[in-house]
2 protein chains.
Amino acid sequence: MGQNMMAAGDNDDAIRLGPLEDLVGYHMRRASAVVGADFARAVSGTGMRQVLVGILSIIAANPGINQGMVGRALNIQRANMVSLVNELVDAGLVTREVSAEDRRAFTFTLTDRGRTTLDDALVRIRDHEERLLGSMSAQERATLLDLLSRIEARGD
Amino acid sequence: MGQNMMAAGDNDDAIRLGPLEDLVGYHMRRASAVVGADFARAVSGTGMRQVLVGILSIIAANPGINQGMVGRALNIQRANMVSLVNELVDAGLVTREVSAEDRRAFTFTLTDRGRTTLDDALVRIRDHEERLLGSMSAQERATLLDLLSRIEARGD
DNA sequence: TATTGTTATACTCTATAACTATA
DNA sequence: TATAGTTATAGAGTATAACAATA
């Protein structure tokens with residue numbers, strides 16, 4: 001017991017992480033929170049959020065895609081897609097049309113405004129990632145993307 | 001058309017990620033979600049969650065630490081610490097005492113049951129990480145921890 | 001005056017079940 | 001019967017402001 005001599009409330013910046021130290025899950029959670037917070041700062045005032053940029057990006061890369069496909073691509077539940085899509089349609093960023101092949105489904109396309117909003121967001125996001133990953137070489141960033149992708153792939 | 005016989009995830013892979021493809025934030029978010037979901041599966045039935053294991057670990061590694069210090073170590077707001085700590089105390093995993101040095105503060109110690117619960121959770125968690133990271137060499141895991149830690153450090 | 005912990009509150013994200021309209 | 005989208009709801013996680021007790 002002799003090793004913990006400091007009083008609670010001392011200038012103890014040296015809080016030990018203990019078992020958390022080498023847990024990938026813990027560090028992933030913390031790093032993801034840091035990225036998310038900086039992302040929010042980067043796009044603040046634009047009405048964008050991580051999930052909305054995700055949806056706009058998927059629609060941009062797959063014009064005419066329907067709601068269910070977008071949700072599956074991003075792992076968003078059907079029920080939770082509804083209000084997200086409503087936000088984008090109400091903001092005039094996305095047009096929603098009944099699918100010609102399946103009248104149960106909606107297909108999406110970006111409006112000009114949606115395209116502009118996404119492009120602006122992407123400029124801010126690339127800047128934010130540059131800031132956050134500034135200390136990493138291109139090699140290290142590629143390695144990070146590769147390692148993260150391999151973990152993602154375990155989620156099937 | 002009778003062509004819809006593929007399992008979920010088969011042909012949906014043809015959906016392009018577009019701008020998301022090379023965004024670290026996107027892949028971090030997805031990988032973190034995969035880890036979190038598998039974590040939940042690993043400890044299901046034990047009453048543990050990522051945040052509770054975090055608090056127990058910090059207390060275990062820093063006996064006598066107070067509530068504010070735990071919150072700062074894990075980046076949990078003061079207001080949100082209250083119910084989390086109540087959960088742990090009510091479950092008999094942690095004892096809460098008024099600090100001898102500062103009567104505004106509470107100091108925490110793990111009970112025997114808290115120690116056992118944490119140890120059991122850690123066995124499950126190490127197993128879960130082994131499963132999730134099974135394809136990575138020790139070198140790769142170390143690299144991942146290093147890269148994540150460097151991003152974490154940008155959050156100060 | 002500042003800090004520790006508390007209460008109240010609110011918003012986002014996530015998850016599930018039940019419903020409708022099409023297929 | 002199965003699927004696309006909807007509604008309702010509930011539990012986590014997170015954030016802020018105001019308060020009492022103590023420093």
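**Entry 1. Terms and ground rules**

By contact I mean heavy atoms within 4.5 Å. I am working on a predicted model, where local features need pLDDT of at least 70 and side-chain atom pairs count only at pLDDT 80 or more, while totals for chains, interfaces and linings use all residues. Residues are numbered from 1 along each chain as its sequence is written, chains are lettered from A and ligands numbered from 1 in the order in which they are written, and side-chain values use heavy atoms, with hydrogens and water left out.

**Entry 2. His128(B)**

I looked up His128(B) and found it in helix α5 of chain B, residues 112-132; helices here are DSSP runs of H or I with at least four residues, strands are runs of E with at least two, and both are numbered from the N terminus. His128(B) has 0% relative accessibility and therefore counts as buried, a term that means under 20% relative accessible area, with exposed over 50% and partly exposed in between (1.4 Å probe, protein chains only). Setting aside neighbours within four places in sequence, I noted that His128(B) is in contact with Val35(B), Asp38(B), Phe39(B) and Ala42(B).

**Entry 3. Ser99(A)**

Next I went to the loop between β1 (94-98) and β2 (106-110) of chain A, where Ser99(A) is found. Ser99(A) also counts as buried, because its relative accessibility is 7%. I recorded that the side chain of Ser99(A) reaches the backbone nitrogen of Glu101(A) at 3.1 Å, which is a polar contact (a pair of N or O atoms within 3.5 Å; within protein, one must be able to donate a hydrogen and the other to accept it, and residues adjacent in sequence count only if both atoms are side-chain atoms). Not counting residues up to four places away in sequence, Ser99(A) touches Ala105(A), Phe106(A) and Thr107(A).

**Entry 4. The two chains**

I laid chain A on chain B, which takes a turn of 180 degrees and a shift of 0.0 Å along the axis and gives an RMSD of 0.0 Å; the two copies are thus related as by a two-fold rotation axis. The superposition is by least squares on the C-alpha atoms of residues with pLDDT of at least 70 in both. Of the interface residues of chain A, 92% are also interface residues in chain B, so the copies meet through the same surface.

**Entry 5. DNA strand D**

I counted a residue as near a strand if one of its heavy atoms lies within 4 Å of it. On that basis 18 residues surround DNA strand D, the closest being Gln67(A), Gly68(A), Ala79(A), Arg104(A) and Asn80(B), and sugar and phosphate make up 54% of the strand atoms that come within 4 Å of the protein. A backbone N or O atom of Gly68(A) lies 2.5 Å from a phosphate oxygen of DNA strand D, and a polar backbone atom of Arg103(B) is 2.9 Å from a phosphate oxygen of this strand.

**Entry 6. DNA strand C**

Around DNA strand C I also found 18 residues, of which Asn80(A), Arg103(A), Arg104(A), Gly68(B) and Arg104(B) come nearest; sugar and phosphate account for 58% of the strand atoms within 4 Å of the protein. A side-chain N or O atom of Arg49(A) is 3.1 Å from a phosphate oxygen of DNA strand C. I noted base contacts too: a polar side-chain atom of Arg104(A) lies 3.4 Å from a base oxygen of DNA strand C, and one of Arg78(B) lies 3.2 Å from a base nitrogen of DNA strand C.
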